[in-house]
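Student: I should like to learn how to read the features of a structural model. Could we work through one case by case?

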Amino acid sequence: MFERIAGNERVKEVLRRIIDAGRLPGALLFVGEEGIGKKLFALELAKALNCRTPTAAGPCGNCSACTRISKVNVPEDGDTEELKQILWTDHPDVGMVVAPKRVLLVTQMRQIEREANFRPFEGKARVFLIDEAEKLNDPSANALLKVLEEPPPTSHIILITSRPAMLLETIRSRCQMIRFSPLTPAEIEQHLMQNNLADRASAALRARVAAGSIGRALSSDLETFVEQRTAMLAVLKALAGNPNEAQLLRSSEQLNEAQYKEEFEARLDVLETLIRDAWMLSVGASRDQLVNEDLFSELEKISGQIDPDRAASWILQIEDMREQLIVNINRRIATDALFVAMASPVAPPRKYLP
Ligand SMILES: [Zn+2]
C-alpha cells in the first residue's frame with residue numbers, strides 16, 4: 001500500500017497498521033504543507049477499503065474499484081454550482097468536497113452527513129474527503145461536527161489541511177491527526193522521474209529548489225520561488241546569532257509590499273521549511289534529510305548560531321500569527337510583532353517538534 005506515493009514513510013507505516021488492525025477511525029485529519037501528497041494518501045486509503053482484489057501489500061491499484069477511485073471529477077470549467085456538491089469519483093462510495101469560493105458551505109456538510117448515513121452502494125466503505133478544511137467557517141464547521149461525532153462504522157471522513165491552526169478545536173479534537181512531512185529532494189526527484197513528470201536534468205533541479213513539495217516541483221515558476229526563498233533566508237539569518245532587528249523590520253516591510261500580497265502565505269511556508277532545516281541540523285540531522293538541501297552550507301552555518309528549542313518555537317510563533325490573521329488584524333503590524341518576538345531571547349514555554 002502507498003508504494004506509488006513518494007515520501008512520508010512513517011505515515012505509511014502508521015496507516016498500514018491502523019488498516020490491518022481494522023481500526024480506521026471515522027474522522028481523520030491530514031495535516032501538512034501543500035503539494036506533498038495528502039490527497040493521494042486519502043484516495044489510497046479509500047482504495048484499501050474498497051479494492052476488489054486486494055493483495056497482501058494492500059489495494060491492487062488495477063481493479064475497477066481502484067481505477068475508478070483514482071478519478072475525482074472536478075468540473076474543468078470551475079462551475080461553481082457543481083462545486084457546491086460532493087464531487088464524486090467514478091466510484092459511487094468515494095467523493096470529495098472543495099470550497100466553491102472562499103468557504104466550505106453548510107449545505108456541503110449536510111450533504112456529507114446525509115451520504116455518510118447510507119450504507120456503501122458498491123464497496124465496503126464510504127469515504128469523503130474535505131479538501132482545504134481550513135475553509136470551514138463557524139456555521140459549516142458546526143454542521144460537520146454532527147457527523148464527526150458519530151459517523152456510521154462504514155463511513156470515513158478525511159479532512160485535509162495545510163493550516164490546522166485555523167480549524168476549530170472542537171473539530172480537531174474529534175479527528176485523529178496524521179502529520180505529513182515535506183519530502184526530501186531525493187524523494188521528489190525519484191517521484192518526478194518514476195512518473196515521467198520531468199527529464200533527469202530538470203527533475204534534479206526542480207527537486208532541489210522545491211522545498212519539500214511535489215506541487216512546487218511541478219509548478220513552472222521556479223524563479224519566483226527562488227526569489228522568495230532568498231528573502232526568507234535573510235530573515236532566518238537575521239534571527240540567528242545576535243538578532244538583527246533592523247534587518248527583520250526591513251524584511252517585514254518587504255514581505256508586506258503590495259506586489260507580494262498574494263505571496264504572503266507562500267513566503268511564510270518557505271520560512272518554516274528553512275527554520276525546520278536549520279533546527280534539524282542543530283539537533284544532528286544529516287544533509288540528505290534537509291528540504292532545502294542545496295542551501296546546506298548556509299544552513300549549517302546558521303544552525304551553529306541557533307538554540308534548537310528557540311528555533312522550534314519559531315514555527316509555533318508563525319502558526320500563532322497565521323491564526324490571528326483570520327480575524328483580520330493588520331498584517332504589517334502582526335509581521336513586525338512576530339519578527340520582534342522571534343528575535344527576543346526569552347524562549348516561549350510551548351514545545352514543538354517539527
Ligand atoms: Zn483494486
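Tutor: Certainly. Please keep in mind that this is a predicted model. Let us begin with the surface: isoleucine 329 sits in the loop between H15 and helix H16 (331–343).

Student: Is isoleucine 329 buried, partly exposed or exposed?

Tutor: The general idea is that a residue under 20% relative accessible area is called buried, one over 50% exposed, and one in between partly exposed. Isoleucine 329 has a relative accessible area of 34%, so it is partly exposed. Together with Ile326 and Val327, Ile329 makes a nonpolar surface patch of about 260 Å².

Student: How should one read a pocket, and what volume does the largest pocket have?

Tutor: One may consider its volume, the residues that line it and their classes. Here the largest pocket has a volume of about 1100 Å³. It is lined by 35 residues, and those closest to its centre are Glu134, Lys135, Arg163, Met166 and Glu265.

Student: Which helices supply at least two residues of that lining?

Tutor: They are helix H6 (138–149), helix H10 (214–218), helix H11 (222–239), helix H13 (264–282) and helix H15 (308–325). H13 gives the largest share of the lining, five residues.

Student: How many residues of each class does the lining of the largest pocket have?

Tutor: The lining has 15 charged, 13 nonpolar and seven polar residues.

Student: Let us turn to charged pairs. How many salt bridges does the structure hold?

Tutor: A salt bridge is assigned when a side-chain nitrogen of Lys or Arg lies within 4 Å of a carboxyl oxygen of Asp or Glu. The structure holds 25 salt bridges. In one of them, aspartate 131 pairs with lysine 39, with the closest N and O atoms 3.2 Å apart.

Student: Which parts of the chain does this pair tie together?

Tutor: Aspartate 131 belongs to the loop between strand E4 (126–130) and H6, and lysine 39 to helix H2 (residues 38–50), so the pair ties together parts that are 92 residues apart in sequence. The partners may also be read by their accessibility. Aspartate 131 counts as buried at 11% relative accessibility, whereas lysine 39 is partly exposed, with a relative accessible area of 35%.

Student: Where do the partners lie in the salt bridge between arginine 163 and aspartate 269?

Tutor: The side chains of these two residues meet at 3.5 Å, N to O. Arginine 163 is in the loop between strand E5 (155–161) and helix H7 (169–172), while aspartate 269 is in helix H13; the pair links distant parts of the chain, 106 residues apart. Both arginine 163 and aspartate 269 are buried. Arg163 also appears among the residues closest to the centre of the largest pocket.

Student: How far apart are the closest N and O atoms in the salt bridge of glutamate 293 with arginine 287?

Tutor: They are 3.7 Å apart. Glutamate 293 is partly exposed, with a relative accessible area of 23%, and arginine 287 is partly exposed, with a relative accessible area of 42%.

Student: Which residues are joined into one network by salt bridges that share partners?

Tutor: The network is made of Arg163, Glu265, Asp269, Glu272, Glu319 and Arg322.

Student: How should one read backbone angles, and what is phi of asparagine 8?

Tutor: Most residues other than glycine have a negative phi. Asparagine 8 has a phi near 50°, a positive value in a residue other than glycine. Its place is in the segment before helix H1 (9–20), and asparagine 8 is buried, with a relative accessible area of 7%.

Student: Is asparagine 196 buried or exposed?

Tutor: Asparagine 196 counts as exposed, at 70% relative accessibility. Its phi, too, is positive, near 50°. Asparagine 196 lies in the loop between helix H8 (185–194) and helix H9 (200–209).

Student: Finally, how does one compare separation in sequence with separation in space, as for arginine 110 and aspartate 138?

Tutor: One sets the two values side by side. Arginine 110 and aspartate 138 are 28 residues apart in sequence, and their C-alpha atoms are 14 Å apart in space. Arginine 110 is in helix H5 (residues 106–116) and counts as partly exposed at 47% relative accessibility. For glycine 78 and leucine 249, 171 residues apart along the chain, the C-alpha atoms are separated by 40 Å. Glycine 78 is found in the loop between helix H3 (64–69) and helix H4 (80–83).

Definitions and conventions. Residues numbered from 1 in each chain as written. Predicted model: local features only at pLDDT ≥ 70, side-chain atom pairs only at ≥ 80, totals over all residues. Heavy atoms only, no water. 1 Å grid on protein atoms, 1.4 Å probe; cavity = no way out; pocket = protein on both sides within 12 Å on 5 of 7 lines; lining within 4 Å. Points joined across faces, edges and corners; volume = space filled by probe spheres on them. Helix = DSSP H or I, 4+ residues; strand = E, 2+ residues; numbered from the N terminus. Nonpolar A, V, L, I, M, F, W, Y, C, P; charged D, E, K, R; others polar. Patch = residues over 30% accessible without salt bridge, like charges linked within 9 Å, V, L, I, M, F, W, Y side chains within 5 Å. Areas by Shrake-Rupley, 256 points an atom, 1.4 Å probe, with all protein chains shown as cover. Buried < 20%, exposed > 50% of the residue type's maximum accessible area, 1.4 Å probe, protein only.
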